[in-house]
Amino acid sequence: MTSRELYCCMYKNQTRVVTNGNFHFQRLGLDQPGLLMLIREMQGTLKDPSQEVKSISLSYNDKLGDIGVNKLVEFLPSNLNSLGLVDCNISDKGGAKLLGWIKSATDLKMFCVEHNHFSGEMKILLQHISRVKGFDLFI
């Protein structure tokens, strides 16, 4: 799939159309099994370095939690520009996995994780790495 082609995903009778490297699946009620289904459908695109995956947002899917984020991190491309996980019920366990991915991320410009359940310590760690790597953090 090229960045100009459309990618459609059906989940719970809702369609999200994705184009130009922007994968936004917000407010779908995705849970961990739904995320695994979505990852299976997108796996080739996410792991293919020739594909332009610029942005992924799974914001407002509060059933994802730490387990879903841990699985997602396994498939995130290192050249992603933007990741949105607002209100996804993520705690420090998921935050630690995200920190690990951020360390290997090469092109991250924006990371949105507002309205999750991070401790003050985790927020400080995320703020520190955002300053070191030079990306915008919304927490």
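K71 is partly exposed, at 30% relative accessibility. I start there because K71 is one half of a salt bridge: its partner is E74, and the closest N and O atoms are 3.3 Å apart. E74 is partly exposed as well, with a relative accessible area of 46%. How many salt bridges does the structure hold? The count is 1. Please keep in mind that this is a predicted model.

Now the overall layout. The protein has 4 helices and 7 strands. Reading from the N terminus, the order is β-β-β-α-β-α-β-α-β-α-β. Of the 139 residues, 45% are buried. The accessible surface is about 7200 Å², and carbon and sulfur atoms account for 50% of that. If you take contacts between residues at least 6 apart in sequence, 68% of them join residues at least 24 apart.

Next, the sheet. In which order do its strands lie? The order is 3-4-5-6-7, in an open sheet of 5 strands with parallel pairing. Strand 3 and strand 7, the latter at residues 136-138, are the edge strands; each has a single partner strand, so one side of each has no neighbour in the sheet. On average, neighbouring strands here are turned by 5° against each other, direction ignored. For one pair in detail, look at strand 4, residues 55-57, which pairs with strand 5 in the parallel sense over 3 bridges. Within that region, I56 stands opposite L83 in strand 5.

L83 brings me to the core. In soluble globular proteins, nonpolar side chains tend to be buried together. Here the largest nonpolar core has 36 residues, and those touching the most other members are L58, L83, L85, W101 and F111. Which elements give two or more residues to this core? They are helix 1, helix 2 at residues 65-73, helix 3, and helix 4 at residues 120-133. Take L58 as an example. Setting aside residues up to four places away in sequence, L58 touches F25, L30, L35, L38, L64, L72, G84, L85 and C88. L85, then, is on the list of L58 contacts and is also named among the core residues that touch the most other members.

Now some loops. R27 sits between strand 3, residues 22-24, and helix 1, residues 32-47. R27 is not a glycine, yet it has a positive phi of about 55°. Is R27 buried or exposed? At 52% relative accessibility, R27 counts as exposed. D87 also has a positive phi of about 55°, and it is not a glycine either. The loop that holds D87 runs between strand 5, residues 82-84, and helix 3, residues 92-104. D87 counts as partly exposed, at 30% relative accessibility.

The last loop residue is T106, between helix 3 and strand 6, with strand 6 at residues 110-112. T106 is exposed, because its relative accessible area is 55% and the cut-off for exposed is over 50%. What does T106 contact beyond its neighbours within four places in sequence? The contacts are S78 and N79. T106 and N81 are 25 residues apart along the chain, and their C-alpha atoms are separated by 8.5 Å.

To close, back to the sheet and the core: the open sheet has 5 strands with parallel pairing, and the largest nonpolar core has 36 residues.

Terms used. Residues are numbered from 1 along each chain as its sequence is written. This is a predicted model: local features need pLDDT of at least 70, side-chain atom pairs count only at pLDDT 80 or more; totals for chains, interfaces and linings use all residues. Side-chain values use heavy atoms; hydrogens and water are left out. Buried means under 20% relative accessible area, exposed over 50%, partly exposed in between (1.4 Å probe, protein chains only). Contact means heavy atoms within 4.5 Å. Accessible areas come from the Shrake-Rupley method with a 1.4 Å probe; for residues, only the protein chains shown count as cover. A nonpolar core is a set of buried Ala, Val, Leu, Ile, Met, Phe, Trp, Tyr and Cys residues joined through side-chain atoms within 4.5 Å. Two strands pair if DSSP finds at least two bridges between them. Axes are lines fitted to C-alpha atoms, for helices over the stretch in contact, and angles run from 0 to 180 degrees between N-to-C directions. A salt bridge is a side-chain nitrogen of Lys or Arg within 4 Å of a carboxyl oxygen of Asp or Glu.
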